Amino acid sequence: FESPNGEKYRSEYHFTPKTGWMNDPNGMVYINGDYHLFYQYYPDSTVWGPMHWGHATSKDMLRWEHKPIALYPDSLGYIFSGSAVFDLKNSSGLGTAGNPPYIAIYTYHDPVGADSGSNTFQSQGIAFSLDEGKTWKPYDENPVLESPGIADFRDPKVMNLPKEDGRDNWIMTLAVKDEIHFYESSNLINWEKIGDFGKNIGAHGGVWECPDLLQFTAPNGEEKWVLLVSLNPGGPQMGSATQYFIGDFMDGKFIPDDDLIRWLDYGPDNYAGVTWSNVPESDGRTLFMGWMSNWLYAQVVPTKTWRSAMTLPRELSLFDVDGTLLVKSKPSEELLSLRNQTFHISQSSPLPGQAFELEAEIDSNTFSFKIENNSGEEVHFSKENGLVTVDRRKAGKSNFHPDFAASHSAPMSWEANELRLFVDANSIELFINDGELVMTSLVFPESPYTQIRIENGLEDLKIHSLDPVMKSTD
Ligand code: FRU
């Protein structure tokens, strides 16, 4: 297990950089059969530094191919988080009608300006690709959107939203301090502010980052808008987390249905997640991936040659609990392709290695079980009195940060009927009722968990060993 080359804790089926530091997923765009993933990347160290966009592609969001770095820091600054779109009508003029461009929209962070105390060190730039996302060239006249003098001005998520008369139109959702600003553009180059959102609503324990604006059909057929907003710090489990709002969006105004604070994932380790753009209409899914860490301890977790993994890909949709809409995060169906051997178990049972999935029915809305190894390390899972708990206090190594060893609970007032648990070398993702409640947690056991012990409430248990599709040697 302790491999000679410092690969302990390397995920077997989650995306990790080969070496170096990674944070947020960026520029996720689907291009002719390939899911492209870019990510905040510092190749020269395992802690945060001058940001690049790393790059990888996959046919299924699980089996990734590493690609050359797509964007390097330049004279305008580091390349912070952002998004990518297909400019089908060549509205930017950066391609041709016959070869329309893909456009990446990202934040420039000028480290010199930041150090000198100026408030204008973050601006938005674009880059374009004329070879289906393989290579990217920053636009000559960057930045395309300068800072209005607010220090935190970043993470543009752009979507195509044609005007009623059919004219091409782009909406940029931008995190500005602890609010969201909306901009619009007909060409992805000239941006005009059309609205803002966030005063006196939502959680404000930290700065707002990495927003995403999404359209869904609710179970009752109504069209609804969802605004994802990552928050750091100020999450429900300390540190980083992603909240969201449900409502309507029109003419640059996001009008929330209510003032409930909703969290996308109640675990401590899913941050800065956004969705893929340009997914074909014939597919129609809203596909999400997050950074599986937390700024509280991301830079000190005990991996050696790289830091951080992405969450599993998840399909977002709306569901209804007694008249209140919530977002559900279902494990993407591609995950079924990782299943190798299936074991039907009843009570305690050995586990088939460090990468597996547990599926179970919950018989009376409460349950309790644990996974453990021979050195007394364990993670305990339960639902009781309307609270789902993942207790990682004794999960393994935790001395790298005082807040890591903790027990995390989430309210779930409605009935839990079934669960799926995905375990990998250093992570645990618990999905109840196909993702109506999700908790994502990092764990660092000294050796893999070898045994599952059912205490009560679960039946029809299946354990699937999962194929190691992302070994570091790939
Ligand atoms: C979120 C974040 C973004 C920023 C990036 C910098 O984790 O802080 O707001 O663009 O990371 O790496």
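In the predicted model, D140 and K137 are joined by a salt bridge in which the closest N and O atoms are 3.7 Å apart. D140 is exposed, with a relative accessible area of 68%, whereas K137 is partly exposed, at 43% relative accessibility. This pair belongs to a broader set of charged interactions, for which the count comes to 31 salt bridges. Another of these pairs is formed by D60 and R63, with a separation of 2.6 Å between the closest N and O atoms. Here D60 counts as buried, because its relative accessibility of 13% falls under 20%. Its partner R63 is partly exposed, with a relative accessibility of 33%. Salt bridges also extend beyond isolated pairs, as D152, R154, D155 and E209 are linked in a network.

The domain assignment of the protein divides the chain into domain 1, covering residues 20-331, and domain 2, covering residues 333-466. Contact between the two takes 35 residues from domain 1 and 33 residues from domain 2. The C-alpha centres of the two domains are separated by 29 Å. In general terms, the accessible area lost when parts come together is often used to give the size of an interface. For domain 1 and domain 2 the buried area is about 3,000 Å². Carbon and sulfur atoms give 64% of that area.

Polar and charged interactions also cross this boundary. Between domain 1 and domain 2, 15 residue pairs are in polar contact, both residues of each pair being at pLDDT 80 or more. On the side of domain 1 that touches domain 2, at least two residues are supplied by each of β21 (314-321) and β22 (324-331). The largest share of this side, 6 residues, is provided by β22. By class, the same side of domain 1 comprises 20 nonpolar, 7 polar and 8 charged residues. The interface of domain 1 and domain 2 also holds 3 salt bridges.

R285 takes part in two of the salt bridges described here. The side chain of R285 meets that of E334 at an N to O distance of 2.7 Å. A salt bridge also joins R285 to D283, with an N to O distance of 2.9 Å. R285 is buried, with a relative accessible area of 12%, while D283 is partly exposed, with a relative accessible area of 30%.

R285 is also among the residues touched by S332. S332 is located in the loop between β22 and β23, the latter strand spanning residues 339-345. With residues up to four places away in sequence not counted, S332 touches M61, R285, P313, R314 and E315. The relative accessibility of S332 is 1%, so this residue counts as buried. Although S332 and F288 are 44 residues apart along the chain, their C-alpha atoms are separated by 9.0 Å.

A second loop residue, Q237, lies between β14 (223-232) and β15 (241-250). The side chain of Q237 reaches the backbone oxygen of Y266 at 2.6 Å. Y266 is also one of the residues that Q237 touches when those up to four places away in sequence are not counted, together with G267, P268, H408, S409 and M439. Q237 counts as buried, because its relative accessibility is 12%.

Within a strand, G125 offers a further example of a buried position. G125 is found in β7, which covers residues 122-129. The relative accessible area of G125 is 0%. Apart from neighbours within four places in sequence, the contacts of G125 are A104, I105, Y106, Y108, N142 and V144. The C-alpha atom of G125 lies 6.0 Å from that of T107, a residue 18 places away along the chain.

Note on methods
Residues numbered from 1 in each chain as written. Predicted model: local features only at pLDDT ≥ 70, side-chain atom pairs only at ≥ 80, totals over all residues. Heavy atoms only, no water. Domains from an automatic or database assignment. Contact = heavy atoms within 4.5 Å. Buried area = accessible area lost by both parts, 1.4 Å probe. Salt bridge = Lys/Arg side-chain N within 4 Å of Asp/Glu carboxyl O. Polar contact = N/O pair within 3.5 Å; in protein donor to acceptor, adjacent residues only side chain to side chain. Helix = DSSP H or I, 4+ residues; strand = E, 2+ residues; numbered from the N terminus. Nonpolar A, V, L, I, M, F, W, Y, C, P; charged D, E, K, R; others polar. Buried < 20%, exposed > 50% of the residue type's maximum accessible area, 1.4 Å probe, protein only.
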